[in-house]
Amino acid sequence: MTTIQFRRRLIVIILLCVAVGGAFLRHYAERGSTARDIGTLLMVLWVPIIGNVIAWLVSKRPRRAPPAAPPSFDALGAFTPHLLVELKFRKPALPSQDVPIGAGEYRCALVIDNEGFSARWFVPRGEVLERGLPHALEIEFLSPAMAQPKFPHGAEFRVLIGDSFIADGRALQSRPVIT
């Protein structure tokens, strides 16, 4: 036990003794007397400690194991294309945001009917994708076994990033899943 823990325990014990003494004083003093009021005051000194005692009791309660982290692309490693698609990026509402899509990795949800499937695609370095024009891209699914049957040749879908649909797409060619 550290010095701070010892001091805290000692303070709790002293204030508990003061509160018990105040309770005896209040019990045996006459109603309306100063002694009874002092006994009440001594009992009230214990109130701030009650929160600390409750917190200590709660900390001793066994905790549940944290839930397992959902799967993510970070664990998958290298990009493995599962589907060739044609994407046509929508024009944004604000003209100032109407800029080409630059190189890099993009994570999204492909929404078909009322189902969404986590996916990602890459724009190669040195290339940009113009909005309003169709572009053929390779897509990787987070769960290809669940997603690929929903995307047969010609299936139309929307691309959701955040809370906005940024593109419309059509499945062109499915790639076999290697497990």
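User: Before we start, what does buried mean here?

Analyst: Buried means under 20% relative accessible area, and exposed means over 50%, with partly exposed in between. Please note that this is a predicted model.

User: Then is Gln-148 buried or exposed?

Analyst: Gln-148 has a relative accessible area of 12%, so this residue counts as buried. Gln-148 sits in the loop between α5 (144-147) and β5 (156-161).

User: What does the side chain of Gln-148 reach?

Analyst: The side chain reaches the backbone oxygen of His-82, at 2.5 Å.

User: Changing topic: how many salt bridges are there in the whole structure?

Analyst: A search of the whole structure gives seven. One of them pairs Arg-120 with Glu-105, whose closest N and O atoms are 3.4 Å apart. Arg-120 belongs to strand β3 and Glu-105 to strand β2, so this pair ties together parts 15 residues apart in sequence.

User: And which residue pairs with Arg-120 from strand β4?

Analyst: That residue is Glu-140. The closest N and O atoms of Glu-140 and Arg-120 are 2.5 Å apart, and the pair ties together parts that are 20 residues apart in sequence. Salt bridges that share partners join Glu-105, Arg-107, Arg-120 and Glu-140 into one network.

User: Are Arg-120 and Glu-140 buried or exposed?

Analyst: Arg-120 is buried, at 3% relative accessible area, and Glu-140 is buried, also with a value of 3%. Glu-105, by contrast, is partly exposed at 35%.

User: What about Lys-150, which residue does it bridge to?

Analyst: Lys-150 forms a salt bridge with Glu-115, with the closest N and O atoms 3.2 Å apart. The pair links distant parts of the chain, since Lys-150 lies in the loop between α5 and β5 and Glu-115 in strand β3, 35 residues apart. Lys-150 is partly exposed at 36%, and Glu-115 is partly exposed at 32%.

User: On to the interior: how many residues are in the largest nonpolar core?

Analyst: The largest nonpolar core has 23 residues, and those with the most contacts inside it are Leu-110, Trp-121, Phe-141 and Phe-151. Strands β1 (83-89), β2 (104-112), β3 (115-123), β4 (134-141), β5 and β6 (164-174) each supply at least two residues of this core.

User: And the surface? Which residues make the nonpolar patch?

Analyst: Val-44, Val-47, Ile-50, Ile-54 and Val-58 make a patch of about 410 Å². Helix α3 (residues 47-60) gives the most to this patch, with four residues.

User: Last one: how many disulfides does a search of the whole structure find?

Analyst: The search finds zero disulfides. As for cysteines, Cys-17 is exposed at 52% relative accessibility, whereas Cys-108 is buried at 10%.

Notes: Residues numbered from 1 in each chain as written. Predicted model: local features only at pLDDT ≥ 70, side-chain atom pairs only at ≥ 80, totals over all residues. Heavy atoms only, no water. Buried < 20%, exposed > 50% of the residue type's maximum accessible area, 1.4 Å probe, protein only. Polar contact = N/O pair within 3.5 Å; in protein donor to acceptor, adjacent residues only side chain to side chain. Core = buried A, V, L, I, M, F, W, Y, C linked by side-chain atoms within 4.5 Å. Disulfide = S-S within 2.5 Å. Patch = residues over 30% accessible without salt bridge, like charges linked within 9 Å, V, L, I, M, F, W, Y side chains within 5 Å. Areas by Shrake-Rupley, 256 points an atom, 1.4 Å probe, with all protein chains shown as cover. Salt bridge = Lys/Arg side-chain N within 4 Å of Asp/Glu carboxyl O.
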